[in-house]
Amino acid sequence: MSRAPEFLPMSDAAVRAVAGANSRHAALIEDAFGVLVETPGGGVSLSGDARARAQAKKAVQAIAERADQGLEIAEADVRVAIGTARSGHAGPGALPVGRRGQVAPKTATQAEYLQALAADDLVFGLGPAGTGKTFLAVAHGAGLLLRGEVDRLIVSRPAVEAGERLGFLPGDMNEKVDPYMAPVWEALTDILGAEQLRRRREKGEIEVAPIAFLRGRTLSHAFVIVDEAQNASRAQMKMVLTRIGEGSRMAVTGDPTQIDLPNPQDSGLAHAVGLLEGVKGIGVVRFSSEDVVRHPLVERIVRAYDADAARRGRTV
């Protein structure tokens, strides 16, 4: 087979994305396909046998296309492009939203999740940390708010992580709850920017409330996110699911393997999914360690814990 170099013309932004900081992205591509990646200027040069070059070319072009759309390219994106090139499956599309222009799914499951959020009124996103289930729900909800498709974005989370009671914490409700909601606020800040987030909170368009504070309310024309739902009791889960009102939609996210309740059997997340999966208008998307898009070490940690659970004969 021919090992002659193949030159792919592309923009400077695309070349930088393919190379990565300290040529880290290029090194990942080289290791994955057994090719040599060079950036002589004006494009990318691939050297290696024809089959390896063809696969590497698909990954490079996918990265370049995302860069030309103005998207930031992280190592996770490069790994996804490599995996997609190897499998031959088309990569997922992008979701336009917020100040960065687009939030793009990085795995096929993330794309399935966004499709479910668009199609169903209630979606359960289940899986380990780092899979993007909360961030993408926030991005989807922020997009609905920005486009005027909902009037409010409501985020809720059980406050049980530190074993504290909200009534004994200082400050008003926002100050009491904010420490528990840090991942959600970080995502909203990333998508909307700090100033727009502040303005919308002040106008009541973005609301934070622990699950207990949703009791007795009907949430109309809102997108509701229930995060860390594995720590909601069965009674809390039933209560919050029945808060959905006219024009409202809901995303419920959680990891059934990370229950912090005193009695794990009281967790309402797996119970609700078992009852409601297959009901019209309800979507269930399950993420796995392969969908972890944080540091690559997180995926290996998740796999190790999954293997330990399998050895002990436990299913999650």
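Good morning. Helices and strands, as I use the words today, are runs assigned by DSSP, with at least four residues for a helix and at least two for a strand, and they are numbered from the N terminus. By that definition the protein chain contains 12 helices and 11 strands. Please keep in mind that this is a predicted model.

Let me start with the chain as a whole. Of its 316 residues, 47% are buried. If we take contacts between residues at least 6 apart in sequence, 72% of them join residues at least 24 apart.

Next, the confidence of the prediction. The mean pLDDT of the protein chain is 82, and 83% of the residues reach 70 or more. Among the elements, strand β6 has the highest mean pLDDT, at 96, and strand β4, residues 95–96, has the lowest, at 44. Two stretches call for caution. Over residues 90–98 pLDDT stays under 50, and the model has 30 contacts beyond four places in sequence for them. Over residues 161–170 it also stays under 50, with 19 such contacts in the model. Where pLDDT is low, the predicted coordinates should not be read in detail.

I turn now to the sheet formed by β1, β2 and β3. These 3 strands make an open, antiparallel sheet in the order β1-β3-β2. β1, residues 6–9, and β2, residues 36–38, each have a single partner strand and stand at the edges, so one side of each has no neighbour in the sheet. From one strand to the next, the twist averages 20 degrees.

How is β3 joined to β1 and to β2? Between β1 and β3, which covers residues 43–47, there are 4 bridges. Across that pairing, L8 stands opposite V44, and E6 stands opposite L46. Between β2 and β3 there are 3 bridges, again with the strands antiparallel. There, V37 has L46 as its bridge partner. β2 and β3 form a hairpin with 4 residues between them, and in the turn G41 has a positive phi of about 120 degrees.

Is β3 covered on one face or on both? Both faces are covered. G43, S45 and S47 lie on one side and V44 and L46 on the other, and all of them are buried. Helix α3, residues 50–68, lies across β1 and β3 and runs at about 155 degrees to β3.

One residue of β3 deserves a separate word, namely S47. Its relative accessible area is 15%, and since buried means under 20%, S47 counts as buried. Leaving aside neighbours within four places in sequence, S47 is in contact with P5, V35, L36, E38 and R53.

The second strand I wish to show is β10, residues 249–254, where 6 of 6 residues are buried. R249, A251 and T253 point one way, while M250, V252 and G254 point the other way. β10 is joined to β6, residues 122–126, by 5 bridges, with the two strands parallel. In that pairing V123 has A251 as its bridge partner. A further 4 bridges join β10 to β9, residues 222–226, also in parallel, and F223 of that pairing stands opposite R249. With helix α10, residues 234–241, between them in the unit, β9 and β10 make a right-handed β-α-β unit.

H221 sits in the loop between β8 and β9. Is H221 buried, exposed or partly exposed? With a relative accessible area of 33%, H221 is partly exposed. The C-alpha atoms of H221 and E149 are 8.1 Å apart, although 72 residues separate the two along the chain. Beyond four places in sequence, the contacts of H221 are V150, D151, R152, E246, G247 and S248.

Finally, helix α8, residues 182–192. Its buried residues are V184, W185, A187, L188, I191 and L192. They cover an arc of only 160 degrees around the axis, which means that they lie on the same side of α8. An α-helix has 3.6 residues a turn, so residues three or four places apart point the same way. The elements covering these buried residues include α6 (133–146), β7 (152–156), α9 (194–202) and β8 (206–208). After α8 comes G193, with a positive phi near 90 degrees.

Thank you for your attention.

Key. Residues numbered from 1 in each chain as written. Predicted model: local features only at pLDDT ≥ 70, side-chain atom pairs only at ≥ 80, totals over all residues. Heavy atoms only, no water. Buried < 20%, exposed > 50% of the residue type's maximum accessible area, 1.4 Å probe, protein only. Pairing = 2+ DSSP bridges. Right-handed = clockwise from strand over helix to strand, strands pointing away. Arc of directions from axis to C-beta. Contact = heavy atoms within 4.5 Å. Axes fitted to C-alpha atoms, helices over the stretch in contact; angles between N-to-C directions. pLDDT = per-residue confidence, 0-100.
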